Amino acid sequence: MTIAAPTKTQYEAVIGLETHCQLATKTKIFSQSSTAFGAQPNTHIDPICLGLPGVLPVLNEKVLEYSVKTGLALNCQIAPYSKFDRKQYFYPDLPKNYQISQYDLPIAEHGWLEIELIDDDGNPYRKRIGITRLHMEEDAGKLVHAGSDRLSGSAYSLVDYNRAGVPLMEIVSEPDIRSGKEAAEYGQELRRIVRYLGVSDGNMQEGSLRCDVNISIRPVGQAEFGTKVEIKNMNSFSAIQKAIDFEIERQIECLNSGEPIVQETRLWEENSQQTISMRVKEGSSDYRYFPEPDLCPIEVSVEQREAWKGELPQLPAQKRHYYEDTLGLSAYDTRVLTEERDVAEYFESVVAAGAPSKLAANWVMGDITGYINEGKLKITEIALTPAILAELISLIEQGTISGKIAKEILPELLEKGGSAKALVESKGMTQISDQGELERIIDDLLAANPDKVEQYRAGKTKLQGFFVGQVMKLTSGRADPKLTNKLLAPKLKGN
């Protein structure tokens, strides 16, 4: 009798992200100190953010506005009544030994955002990730550990309180994410949204956007969650994906070997490309929350909420739907074009000026993006307006100039602007589309190269490209390439 081998357990990951987003206000959440990045340590401080006796916090109105707008953009329910709480914990970078945050009555709850990914077959698909809550809070300071490449073993630590009191939104997702790829795309979409809104620069290198990952695994089909592990210290979306992928495999190995998974906080080590244990994870009871007595509750009226809602721009997901479903662009094109709001609006203006959407997309994503990246510019800083680009594309469509000529004059248009048509005429670069003139040029070229004509007729048909290139060279790139090929083919065959 044959005994069947035991079926190997299949696991799935259950992932949620806690994202801290620094708001782009000029001053801190409860005081007038600057939030500017990169200042000398301990120069952007004041009695309020240091928690000195006798001082009282006052909420920055912009923090509330930006938080409500972000909540609306994330399809959240905005709380008509919310409050601040004190979150108790003791650490050298927290001057008051408590953090002002929001606990049971956050400003926004029960939302979602949409991500778009490419499956293994190359097809785009969309998925909604739930948003549990969004709340306002102050940041802590920053500790710099010296004398070792990690916290344990450091010879000494320095503290910079410039960041203490900087306004944050904490955005907590539902555990709807199932892979490192989905988590990285969720983080990128969240960054796109806050950048579109103008509420944050989303710069991970400067700490403006920081993501902590909560991850567990469970057998496929099981309803209850496994033991949750938190991962910190990730400063890029690539690191988020790699840390999750590593942690999934680590937890599966633990379960397969009978080793328990500990609820803990782990760090992502970039050098070794692995997670390492940091500390046992605290629970909410460890923070001993209670209402902040020095701040009034917050009430957002329906009129104020609707006014802020009316100021929201069209968001990345809405633009992607329009570009794909109405303009017929590919998922890749829409992803590139909607990454930055200024680029998307520039592209839309080119299309509105009459350019075909695909041609407009190609020019914006290709030569124009290359020029911007090389010069470290914003698309709003170039002299080539959407109307000028639409005019340039129209000249190509009409056969007035070739694509090659367009690329030759593009640098001048990018730097100086002006009329594309006028520039073409002033340089005498109009495309040659006269059939008789092109036939004379082709006949002279074939007569001058009888050996290559014979080679073509003997089977080396790739030589047609040589003759087209010579025509373009003789006409300084002005010959109509389509008409040239049409006229050249029968003459090469001897017809």
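**Exercise 1. Place the side chain of Glu182.**
Task: find which backbone nitrogen the side chain of Glu182 reaches, and at what distance.

Solution.
- The side chain of Glu182 reaches the backbone nitrogen of Arg178 at 3.0 Å. A polar contact is a pair of N or O atoms within 3.5 Å; within protein, one must be able to donate a hydrogen and the other to accept it, and residues adjacent in sequence count only if both atoms are side-chain atoms.
- Glu182 sits in helix α2. Helices (H or I, at least four residues) and strands (E, at least two) are DSSP runs, numbered from the N terminus.
- Glu182 is buried, at 8% relative accessibility. Buried means under 20% relative accessible area, exposed over 50%, and partly exposed in between (1.4 Å probe, protein chains only).
- Leaving out residues up to four places away in sequence, Glu182 touches Ile115, Leu117, Tyr125, Lys127, Asp176 and Ile177. Contact means heavy atoms within 4.5 Å.

A note on the source: this is a predicted model, in which local features need pLDDT of at least 70, side-chain atom pairs count only at pLDDT 80 or more, and totals for chains, interfaces and linings use all residues. Residues are numbered from 1 along each chain as its sequence is written, and side-chain values use heavy atoms, with hydrogens and water left out.

**Exercise 2. Describe Asp104.**
Task: state where Asp104 lies and what its side chain contacts.

Solution.
- Asp104 lies in the loop between β5 and β6 (108-118).
- Its relative accessibility is 45%, so Asp104 is partly exposed.
- Asp104 touches Lys83 and Asp85, not counting residues up to four places away in sequence.
- With Lys83 there is a polar contact, side chain to side chain, at 2.8 Å.
- For scale, take Leu492: Asp104 is 388 residues from Leu492 in sequence and 81 Å away in space, C-alpha to C-alpha.

**Exercise 3. Check helix α1.**
Task: compare the expected span of helix α1 (residues 61-73) with the distance between its end C-alpha atoms.

Solution.
- The expected span of a helix is 1.5 Å times one less than its number of residues.
- For the 13 residues of α1 this gives 18 Å; the end C-alpha atoms are 19 Å apart, which agrees.
- Next, the cover. In α1, 11 of the 13 residues are buried. Among them are Val63, Leu64, Tyr66 and Leu72.
- At the start of α1, a side-chain oxygen of Asn60 comes to within 3.0 Å of the backbone nitrogen of Lys62.
- After α1 comes Asn75, with a positive phi near 60 degrees. Asn75 is not a glycine.
- Asn75 is in the loop between α1 and β2 (77-78). It is partly exposed, at 35% relative accessibility.
- His110 also has a positive phi of about 60 degrees and is not a glycine. His110 is in strand β6.

**Exercise 4. Classify two aromatic pairs.**
Task: decide whether Tyr89 and Tyr287 are stacked, tilted or edge-to-face, then treat Phe466 and Phe467 likewise.

Solution.
- Rings of Phe, Tyr and Trp (its six-membered ring) pair if their centres lie within 6.5 Å; planes under 30 degrees apart count as stacked, over 60 as edge-to-face and the rest as tilted.
- The whole structure holds 8 aromatic pairs.
- The centres of Tyr89 and Tyr287 are 6.1 Å apart and the planes are at 65 degrees, so this pair is edge-to-face.
- The pair links distant parts of the chain, 198 residues apart: Tyr89 is in the loop between β4 (85-88) and β5 (98-101), and Tyr287 is in the loop between β14 (274-280) and β15 (290-291).
- Tyr89 is partly exposed, at 25% relative accessible area. Tyr287 is buried, at 14%.
- Phe466 and Phe467 are edge-to-face, with 5.2 Å centre to centre and 70 degrees between the planes. Phe466 is partly exposed, at 27%, whereas Phe467 is buried, at 0%.
- Tyr89, Tyr103, Tyr287 and Tyr289 form one aromatic cluster.

**Exercise 5. Find charges over rings.**
Task: name the residue whose charged end sits over the ring of Tyr287, and the residue over the face of Trp112.

Solution.
- A charge sits over a ring if NZ of Lys or CZ of Arg is within 6 Å of the ring centre and within 35 degrees of the ring normal.
- Lys87 sits over the ring of Tyr287, 4.4 Å from its centre.
- Arg128 lies over the face of Trp112, 3.5 Å from the ring centre.
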